[in-house]
Structure formats: C-alpha cells, structure tokens
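Please look over the chain below. The report that follows starts with a single glycine and then widens out.

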Amino acid sequence: MARSVDHEAGLEARGPRMKARDLALRYDVVVIGAGPSGLAAATIAARAGLATLLLDENPGIGGQVYRGIGTSPVAVQAVLGADYWAGGTLADEAKASGAIIATGATVWSLDAERRVGVSIGGEGRLIEARYVVLATGALERPFPVPGWTLPGVMSVGGAQTLLKAHGLVPDGRVVLAGCGPLLWLYAAQLLRAGGAIEAILDTTPRRNWLGALPWAPWFLLSRYFGKGLGLIREVRRKTRVFHADWLEALGDANKLTEVAFGTAGRERRLPADRLLLHHGVVPNLNLAAAAGIAPTWDRRQHCWIVPAGDKFAMLKSGIAVVGDAAGIGGAEAAAERGRLAALAIVEVLRPAAMPALPRERAVRAALRRALRGRRFLDALYLPAPQFRRPMGDTMVCRCEEVTAEQLRETARLGVPGPNQMKAFLRCGMGPCQGRMCGLTVTELIAAERGIHPREVGYWRLRPPVKPVTLGELASLPVTENERLAVER
C-alpha cells in the first residue's frame, strides 16, 4: 500500500486528546462506538439534556463506514461517493449536541451493572452509567482460504480504511475476491482513485439467485437497486470479472505471487501482488456477550446477532444494542436504530424533552425505508458453504495457528462447542478473542456433529475483551473504602 491519492491541505485540526482522568465517574448515558448508530444515539441523548459520553477506540469519530470523516485526505469527493460524505452531517450533529466525545478510548470491560472499563493514553477508568448504548458495529466475516495468511493478502475492509483515512491505494497487481455490496463499492472507489484491478473473482453462488427471487420486488423498490447496479456497471467497464467456486492464495513465506481459482473443474491462475478478500460483514458482539447478553443465531444472515428488542433498548437491563451489532442493516438503518434506542432512554429519564426530539413514528418509517431490499441482499450474498466451512490445512484461528482439519478432528471426538474446543486447541484465546475465527469454528463443529449452529453456541466471553495493561489497571481510581479493604 505504497501509493497515495492526491490530498488537500488544511484538514480538520485535531485538538488535544481527552485523558481518562478527564472523564467523570458517572454519566446518564454511555455510548460505545462512534459509527452511525452511536453518533445518532449520542446526539439524541445529549440534546435531551442527559449527561452523555461517547467512546470510540479510533483516532476520530465515524466508525468503519465513515472512517476519517472530517479528516480524510481524499480531496475529490467523487472518489468515496456521496454516501460516505453524508456521514459528515451525523458527525457535526454529535459534536454540536453537547455529548462528551472521547476518541482513542479502548473499552475493555462492561458488566451487568453497567460499569464500563475504558483506557485512554495508557490510563484506565471505570465509569458507571444509568444506560449503556452498545454501538459496536460490524466486522468482516471470516474468509479462510488456503494461503490467506500470506503477506499481501488482506481484507477489502482493511484496504478501504487505508483509502478513507490515509488516501492510500494498493500498488502492484491487485485481485479482489468474494461477494457482497462492499466488494463492488471498494472496487469502484479504488478505480476512481486511480488504482488498477487485475481481476475480480466473484464467489456469489449462482444458486443464490433462486433463493433471493422472492425478495426481488422489495429490492427493486429500494435505493440499493439503482446504486448497486450503477457500481457493478462502473466496475465491469474497467476490469475483468470471473466466477469462482474456490480460490487459493499462492506464494512463499515472504509474499503472495499468484491466485488460483476455478469453477466446474476448471482451474485458472492470475499473477498477483495483492489479494483483497471480502464475504460481507457480521455483528461485532463480543462486548455484549461479555456483559451477559447471550447472542442468537440468525438463520437468514448465518451469523450470531444480539437480540435487540423492539426499540433496540433493553430498558430493564439498562443496556441497548443498536446498529449493525443488532443485525446487519447498513449505515442508514444503523443511525435510525440508534435514534430509537436513545428515544426510549429519554422517555424514561427525561420525558419532558420528548417533544423537542424526532418522533418515534418518523424514525420507524425511516428505518423501514432503509431496510427495504436487505432480505434480497442477505439471500444473494450468503457465502458458499465451502468458504464458510474450509477443509484440510487451511488456517482458521490465525492467533493460535489452528487448522480446519484440527478443528474437524477434535469435533469428531465429541467436543460439544467452541468453549470446550479451547481446552483442546486454544482457538479463540488469542489477541482477537475469537473475532477472526468464531463463526468458522461454530460452523465446523456443527457440520462435523450434524447439528444446527445454534446448538453449538458461541464463545463464553469475559472481560477484558480487549488487551489491557497492568499499568492501566493500576491507574484506576481507588476509593477510600477499597484502600482500607486491601490494607485490612
């Protein structure tokens, strides 16, 4: 990723970063994640007069969808597209709302009593909240294929982050592989930025079209239809597209050299310096699970989701789950889900402020419009079984270097689920805490045992869900009662 897009001077200046010690010990509402849902929720809560804290571990707000909004070095707005720059409105509203915004803040703990453990700049803080809004967004679905750990192979989402935040485009011979809207969006952005694509390997199963047909009428009436068709046409005019039922990254220990792929018994090879993989996104739910909210299996999106409730606010528990963490719906739907949760919280804590806020009926109508067409996309872009359930020595758990065959062999011993699998193979115990392998482990166990993934279950997660140093723990404020308890 050596080449940079032309950029403009005079980017938004970054002020001094807030320190952990600057945060209060209690807030009415703590929002975790400053993507579209978190920004929208924090704006509503703060406008209602609630003491609101918005936390995000990135250097700036915007989440993954609006990464670098306000600071992106990409000068030509057409490169990233109008949908990206629309995030500036959400960001500006949050900044003007009165919410306290802390970036570079890593949240490593959340318990059922709504105590939030966060670290900023090497200092830790435990914060109590009357309500917590989890807007942790999505992460890319695991895409384990042979050779995916080679240098030169990365995700489309990672490459798009480099473009948005730093104006970087990949050099050399670039191959994109996978399926889903983001694949085509990034391909168009890369080409607009002056990059080149050797080929796109479309892994969308052809039989998926039949499964998606019942939802086609709603898709044709949605914004997705025109936008998606335009992106695909734009990309196909400038690069080759091949169908692929399987693929493999080839090279040596130092670099990727080519990509092998094929369909119907035919094999082809393309020279490649960069292979960018993508099979859609799935909810990022580790923090919710660690707080005791059990995920459920979504048969439509083939992933774990957090049951979020009608208003995306669990008022009895005091924890709301919003945005893509409650099921993939896209940026517009995420923002409306954030607003719904915040309105539900305001209705309890400060009902007198409700008349000055958006009406729930209007927010629900906007959410329905934003979700129109999603069922078609979910059915069409469900990855093929061979990509979700790899075979042989394909690496599944990158942190602990556990292969698909090791997982399958251990499952055949009678291991009931991923938590017991940890005792055998340590998968899910590395720095990513199972984010990169969790879905694959679940599906492999289910396949070997002949049961449904929901019967297999997900990781049993406990804090800390992100790495935290002893120094950060030692810096936590200690009350007089706590000090006396230790001394005694």
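## Two loop glycines

Between which strand and which helix is the place of Gly180? Gly180 sits in the loop that links strand 11 (174–179) and helix 6 (181–192). This is a predicted model. The relative accessibility of Gly180 is 2%, so this residue counts as buried; the cut-off for buried is under 20%. Its C-alpha lies 7.5 Å from that of His278, and the two residues are 98 apart along the chain.

Gly60 is also a loop residue, placed between strand 3 (52–56) and helix 2 (77–80). Gly60 counts as partly exposed because its relative accessibility is 26%. From the C-alpha of Gly60 to that of Thr71 is 8.3 Å, with the two positions eleven residues apart in numbering.

## A three-stranded sheet

Three strands make an open, antiparallel sheet, ordered 14-15-16. Strand 14 (246–251) and strand 16 (266–271) are the edges, each paired on one side only. From one strand to the next, the twist averages 20°.

Strand 15 covers residues 256–263. Six bridges join strand 15 to strand 16 in the antiparallel sense. Val259 faces Leu270 of strand 16. Strands of a sheet pair through backbone hydrogen bonds.

## Helix 17

Helix 17 runs through residues 438–449, twelve in number. Its first and last C-alpha atoms are 17 Å apart, close to the 16 Å expected at 1.5 Å a residue. Gly450 follows helix 17 and has a positive phi, near 70°.

Is helix 17 largely enclosed or largely open? Nine of its twelve residues are buried, so the rest of the structure largely encloses helix 17. The buried residues are Gly438, Leu439, Thr440, Val441, Thr442, Glu443, Leu444, Ile445 and Ala446.

## The whole chain

The protein chain holds 20 helices and 23 strands. Its radius of gyration is 23 Å, close to the 23 Å that the globule rule gives for 488 residues, so the chain is as compact as a globular protein of that length. Along the principal axes, the C-alpha atoms fill a box of roughly 70 × 55 × 45 Å.

Of the 488 residues, 55% count as buried. The accessible surface is about 21500 Å², and carbon and sulfur atoms account for 54% of that area. Among contacts between residues at least 6 apart in sequence, 70% join residues at least 24 apart.

Note on methods
Residues are numbered from 1 along each chain as its sequence is written. This is a predicted model: local features need pLDDT of at least 70, side-chain atom pairs count only at pLDDT 80 or more; totals for chains, interfaces and linings use all residues. Side-chain values use heavy atoms; hydrogens and water are left out. Two strands pair if DSSP finds at least two bridges between them. Helices (H or I, at least four residues) and strands (E, at least two) are DSSP runs, numbered from the N terminus. Axes are lines fitted to C-alpha atoms, for helices over the stretch in contact, and angles run from 0 to 180 degrees between N-to-C directions. The expected span of a helix is 1.5 Å times one less than its number of residues. Buried means under 20% relative accessible area, exposed over 50%, partly exposed in between (1.4 Å probe, protein chains only). The radius of gyration is taken over C-alpha atoms; the globule rule is 2.2 Å times the number of residues to the power 0.38. Contact means heavy atoms within 4.5 Å. Accessible areas come from the Shrake-Rupley method with a 1.4 Å probe; for residues, only the protein chains shown count as cover.
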